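Hello,

Here is the structure I promised to pass on to you. Have a look at it first, and then read on for what turned up in it.

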Amino acid sequence: MRGIERIILESNNFKLVSREYQNNSSVIKLSNGYEIGDKKIAVIAGPCAVESKKQLFDCVEFVKNAGASVIRGGAFKPRTSPYSFQGLEKKGLKLLALVREKTGLPVITEVMCTENVDLVASYADILQIGTRNMQNYPLLKKVGKVNKPVLLKRGMSATIEELLLSAEYIISNGNSRVILCERGIRTFEKMTRNTLDLSIVPIVKSLSHLPIVVDPSHATGKRELIEPMAKAAVAAGADGIMVEVHPNPDDALVDGKQSLGFSDFSKLMHELIPVARAVGREI
Ligand code: PEP
Ligand code: MN
C-alpha cells in the first residue's frame with residue numbers, strides 16, 4: 001500500500017460505525033416503539049435542567065401537544081462553575097420517569113460518570129453523554145454495556161473523526177444504539193456561544209450509518225438563532241433536533257438565554273414542516 005493511502009486508512013480507524021461495515025442507515029428503536037433515523041425528524045425538547053415538578057410538567061405538556069417526540073431534561077448538570085445549580089439529581093430522574101409514565105414519551109437525560117450509569121439507565125430511555133465527556137473512555141465503555149440507546153454529543157473541541165471513534169468505543173463494547181449529536185464547537189467567533197458545524201451532517205451521513213441530531217440551543221447560545229439553525233439542520237439532512245424549552249426562559253436556572261418559550265417553540269414546529277417536506281422528511 002502506498003504511503004498516503006495507508007495514512008488515510010489509519011486515520012479512518014473506526015469500523016463498526018462506518019458505512020463500509022453497514023451500508024443501511026441505522027434506525028434506533030426507543031422503548032415506546034418510536035424510531036430515530038427514519039423518515040420522521042425526531043424533535044427532542046424540554047428544559048435544560050429539571051427544576052421542579054411544575055416546571056417540568058408544564059413544559060412537557062406543551063411540547064408534547066406541539067409535536068415533540070422525546071423529552072429532555074438534565075438531572076445531573078455539568079456546570080462550568082461549581083457554585084452554579086448542579087441539578088436535582090435522583091429527584092430529577094424520578095420526575096423524568098413520572099413524565100414517561102404520564103405521557104408515554106421517551107425521556108433523555110445526561111449521565112456524567114461511570115458510577116451513575118446504572119442509576120440513570122434505570123430511569124431514562126436514552127442516556128446522554130455530554131460534550132465534556134465525549135472522550136471519557138471509561139464512561140463510553142460503561143454505556144457500551146448498557147441496553148439503552150446513547151446520544152453522544154460532539155466534544156466542544158473534537159473533530160468529526162474523534163466523535164466517530166468515541167461512538168466506536170460504545171458500539172465495540174456491545175451497544176449499537178448510538179445517536180450522534182452536533183452541539184457546536186469552540187472557534188474564535190464570539191457572537192455565538194459555539195460555532196454550529198453543520199457540515200458534519202452530510203459528512204457523517206457519508207462516513208457512517210449512525211443517525212445524527214443537531215442541538216441549535218447549545219450551538220448558538222441565543223434564542224433567536226434556534227429557529228434558523230434548526231431549519232438549516234433539517235435541510236442539511238439531520239435526523240432530529242434537540243431544543244431547550246422553558247415555561248419562563250428568563251427565569252430558567254440554567255441556559256435561559258438559549259431556551260425557547262412556548263410560543264416560539266410552536267412557531268418552530270410549524271415552520272419546520274415545509275423544510276422537512278422539501279428534503280423528503282416529516283416532522
Ligand atoms: C445538555 O444538553 O444538557 C448539555 C449540557 O449539553 P452539552 O453537553 O452539549 O453542553
Ligand atoms: Mn443546557
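**What turned up**

Glu89 is placed in the loop between β4 (70-72) and α3 (90-103). Please keep in mind that this is a predicted model. The phi angle of Glu89 is near 55°, a positive value in a residue other than glycine. For context, most residues other than glycine have a negative phi. Is Glu89 buried, partly exposed or exposed? Glu89 counts as partly exposed, because its relative accessibility is 38% and the partly exposed class runs between the limits of 20% and 50%.

Asp255 also caught my eye: its phi is positive, at about 60°, although it is not a glycine. You will find Asp255 in the loop between β10 (240-244) and α10 (262-278).

Asp255 brings us to the metal site. Which residues coordinate the manganese ion (ligand 2)? The donors are Cys48 through SG, His218 through NE2, Glu244 through OE and Asp255 through OD, at 2.0 to 2.3 Å. Along the sequence, the spacing of these donor residues reads C-x169-H-x25-E-x10-D. Cys48 and His218 link distant parts of the chain, being 170 residues apart. Cys48 belongs to the loop between β3 (42-46) and α2 (53-65), while His218 is part of helix α8 (residues 216-220). Both Cys48 and His218 are buried.

His218 has a second role in this picture, as one of the residues surrounding ligand 1. The others around ligand 1 include Arg72, Lys77, Pro78, Glu110, Gln128, Thr131, Lys153 and Arg183. Three polar contacts to oxygen atoms of ligand 1 are worth a look:

- Lys77 brings a polar side-chain atom to 2.9 Å from an oxygen atom of the ligand.
- Thr131 has a backbone N or O atom 2.8 Å from a ligand oxygen.
- Lys153 has an N or O atom of its side chain 2.8 Å from an oxygen of the ligand.

Ligand 1 on its own exposes 290 Å², and the protein buries 97% of that. As for where it is found, ligand 1 sits in the largest pocket.

Finally, back to the loop between β10 and α10, where His246 is located. His246 is buried, because its relative accessible area is 5% and buried means under 20%. The side chain of His246 makes a polar contact of 3.1 Å with the side chain of Glu51. The His246 side chain also reaches the backbone nitrogen of Asn248, at 2.9 Å.

Happy browsing, and best wishes!

Terms used. Residues are numbered from 1 along each chain as its sequence is written. Chains are lettered from A and ligands numbered from 1 in the order in which they are written. This is a predicted model: local features need pLDDT of at least 70, side-chain atom pairs count only at pLDDT 80 or more; totals for chains, interfaces and linings use all residues. Side-chain values use heavy atoms; hydrogens and water are left out. Donors are N, O and S atoms within 2.8 Å of the metal (3.2 Å for Na, K and Ca); water is not among the atoms, so sites may look incomplete. Helices (H or I, at least four residues) and strands (E, at least two) are DSSP runs, numbered from the N terminus. Buried means under 20% relative accessible area, exposed over 50%, partly exposed in between (1.4 Å probe, protein chains only). A residue is near a molecule or strand if one of its heavy atoms lies within 4 Å of it. A polar contact is a pair of N or O atoms within 3.5 Å; within protein, one must be able to donate a hydrogen and the other to accept it, and residues adjacent in sequence count only if both atoms are side-chain atoms. Accessible areas come from the Shrake-Rupley method with a 1.4 Å probe; for residues, only the protein chains shown count as cover. On a 1 Å grid over the protein atoms alone, a cavity is a set of points where a 1.4 Å probe fits but cannot get out, and a pocket is an open set with protein on both sides within 12 Å along at least five of seven lines; lining residues have an atom within 4 Å of a point. A molecule sits in a cavity or pocket if more than half of its atoms lie within 2 Å of its grid points.
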